[in-house]
Amino acid sequence: MRTFFDPRQHDHAPAVELHNGAYVPHAEHRGRMENVLATLQQIEAPADAGIEPIRRVHGDDYLAFLQTAHQRWVEAGRIGDAHGYAWPVVGRRPLKLNRIDADLGQFSFDASSPIAAGTWSSSYWGAQSAIAATQAVLDGERAAFALCRPPGHHCGADYLGGYCFLNNAAIAVEAAIAAGKRRVAILDVDYHHGNGTQDIFYERGDVLFVSVHADPVTDYPFFWGHADERGEGAGEGATLNLPLPRGTGLEAYRAALDTGLQAIGDFGADLLCVSFGADTFAGDPISQFALQTADYTPIARSIAQLDLPTAIVMEGGYAVDALGANVAAFLAGFE
Ligand code: SP5
Ligand code: ZN
């Protein structure tokens with residue numbers, strides 16, 4: 001399968017993240033990609049499609065913030081990487097605050113997604129990988145893979161979080177729509193609910209968002225991904241959340257997946273974007289499902305049976321030593 005990755009995606013290198021009250025090594029690190037790159041063959045660098053495809057999803061104020069936040073943090077005399085600590089819970093009035101701490105709160109929803117010197121570069125090139133994989137599919141590939149890092153599905157149009165800064169899946173979907181696709185489905189199979197992707201398309205009837213994930217009653221991101229979130233307005237019924245309990249293994253996973261695949265089939269999509277996280281793996285250090293490496297092939301085969309042109313974007317997966325094998329097992333289901 002054609003696979004896209006740009007070496008500049010390694011630039012993002014926050015040292016630590018806030019976890020359970022202490023700073024611990026940042027789980028979303030470049031070693032993840034190194035393990036995958038060592039397993040896959042024939043990686044292509046993406047073309048540079050520029051900022052316009054990213055602007056179809058993200059606001060200019062947010063993009064300007066992302067590009068300058070770390071520099072502003074340094075100029076404010078801070079040490080370490082930039083993350084927020086105060087948030088406008090009640091509502092986010094469009095205040096133009098010129099203080100880095102306030103802007104970090106304005107444009108994020110958690111404190112565990114630091115912005116480092118290379119964050120913009122990596123996010124930009126990760127998005128370009130997603131665009132390139134989508135273009136490959138639009139050009140006739142049955143499926144293509146974007147090895148996105150950082151991941152994307154937690155960030156919204158104007159906020160970061162969950163290790164995510166640019167929403168690669170949403171950027172891929174909008175690129176497909178700009179190229180003439182009319183109905184696009186997103187299947188999010190990361191362990192965590194893709195709250196940012198859901199938010200971006202929540203009121204859209206032309207984009208179906210289906211997510212199989214750990215029940216947010218017990219797991220991050222807590223506030224989104226509950227089964228009663230079904231979309232609004234023109235998007236009512238075009239969001240389908242299938243939360244599963246901790247400990248879920250292949251059999252129960254596939255039952256939920258089949259429900260999601262049925263919905264995608266009924267929707268009549270002309271392109272599919274898969275947000276693939278390998279943090280559903282039994283050995284994942286921050287997640288609690290029980291899938292084995294070999295399980296990813298039949299899961300992907302079921303998805304492939306939709307027989308839709310499919311752009312796959314990488315999301316999470318933190319069991320680094322097994323990540324390449326898990327990704328390869330998933331991609332094998334499309335061969
Ligand atoms: C894309 C994705 O999978 N994001 C997941 C974000 C989860 N963040 C909250 C969990 C924090 C766990 N921190 C563990 C650090 C271990 N070094
Ligand atoms: Zn995840």
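Helix 8 (residues 250-267) and helix 9 (residues 296-304) bring their axes within 10 Å of each other and cross at roughly 15°. That makes helix 8 roughly parallel to helix 9, a label used for angles under 35 degrees, while over 145 is roughly antiparallel, 65 to 115 roughly perpendicular and the rest oblique. Axes here are lines fitted to C-alpha atoms, for helices over the stretch in contact, with angles running from 0 to 180 degrees between N-to-C directions. Helices (H or I, at least four residues) and strands (E, at least two) are DSSP runs, numbered from the N terminus.

Before going further, a word on the source: this is a predicted model, in which local features need pLDDT of at least 70 and side-chain atom pairs count only at pLDDT 80 or more, while totals for chains, interfaces and linings use all residues. Residues are numbered from 1 along each chain as its sequence is written, and chains are lettered from A and ligands numbered from 1 in the order in which they are written.

Back to the first pair. Helix 8 passes helix 9 in a right-handed crossing; the near helix is turned clockwise from the far one by less than a right angle, and anticlockwise would be left-handed. Arg-254, Leu-257 and Leu-261 of helix 8 meet Ile-299, Ser-302 and Ile-303 of helix 9, where contact means C-beta atoms, placed from the backbone, within 7 Å. Sorted by class, those residues are four nonpolar, one polar and one charged. For the classes, Ala, Val, Leu, Ile, Met, Phe, Trp, Tyr, Cys and Pro are nonpolar, Asp, Glu, Lys and Arg charged, and the others, Gly among them, polar.

Two further helix pairs go side by side in a table.

| Helix pair | Angle | Axes apart |
|---|---|---|
| helix 1 (residues 30-39) and helix 10 (residues 320-332) | about 45° | 8 Å |
| helix 5 and helix 6 | about 40° | 9 Å |

Helix 1 is thus oblique to helix 10, and it passes helix 10 in a right-handed crossing. On the helix 1 side the contact includes Gly-31, Arg-32 and Asn-35, and on the helix 10 side Val-320, Asp-321 and Leu-323 are among the partners. The class count for this contact is seven nonpolar, four polar and two charged residues.

The crossing of helix 5 and helix 6 is right-handed too. Gly-126, Ala-127 and Ala-130 are among the helix 5 residues involved, and they face a helix 6 group including Asn-168, Ile-171 and Ala-172. This contact has nine nonpolar, three polar and no charged residues.

Now for the sheet. Strands of a sheet pair through backbone hydrogen bonds, either parallel or antiparallel. Here an open sheet of eight strands runs in the order 4-1-5-10-9-6-7-8, with parallel pairing; strands pair if DSSP finds at least two bridges between them. Strand 4 (43-44) and strand 8 (239-244) are at the edges with a single partner strand each, so one side of each has no neighbour in the sheet. Inside the order, strand 6 (residues 184-188) and strand 9 (residues 271-276) pair in the parallel sense over five bridges, with Ala-185 opposite Leu-272 in strand 9. Helix 5 (residues 119-138) packs on the sheet, touching strand 1 (2-4), strand 5 (143-146), strand 9 and strand 10 (310-314), and its direction makes about 175° with that of strand 5.

A few backbone oddities sit in loops. The Arg-149 to Pro-150 peptide bond is cis, with omega near -5°, and Pro-150 lies between strand 5 and helix 6 (168-178). The Tyr-220 to Pro-221 bond is cis as well, with omega near 10°; Pro-221 is in the loop between strand 7 (207-214) and strand 8. Gln-42, a residue other than glycine, has a positive phi near 55° and is in the loop between helix 1 and strand 4.

Finally, the ligand. Of the 19 residues around ligand 1, His-19, Pro-151, Gly-162, Tyr-220 and Gly-316 come nearest, where a residue is near if its C-beta atom, placed from the backbone, lies within 6 Å. Strand 2 (16-19) and strand 3 (22-25) are the elements giving two or more residues to this shell. The shell divides into eight nonpolar, seven polar and four charged residues.

Definitions and conventions
Two residues are in contact if their C-beta atoms, placed from the backbone, lie within 7 Å.
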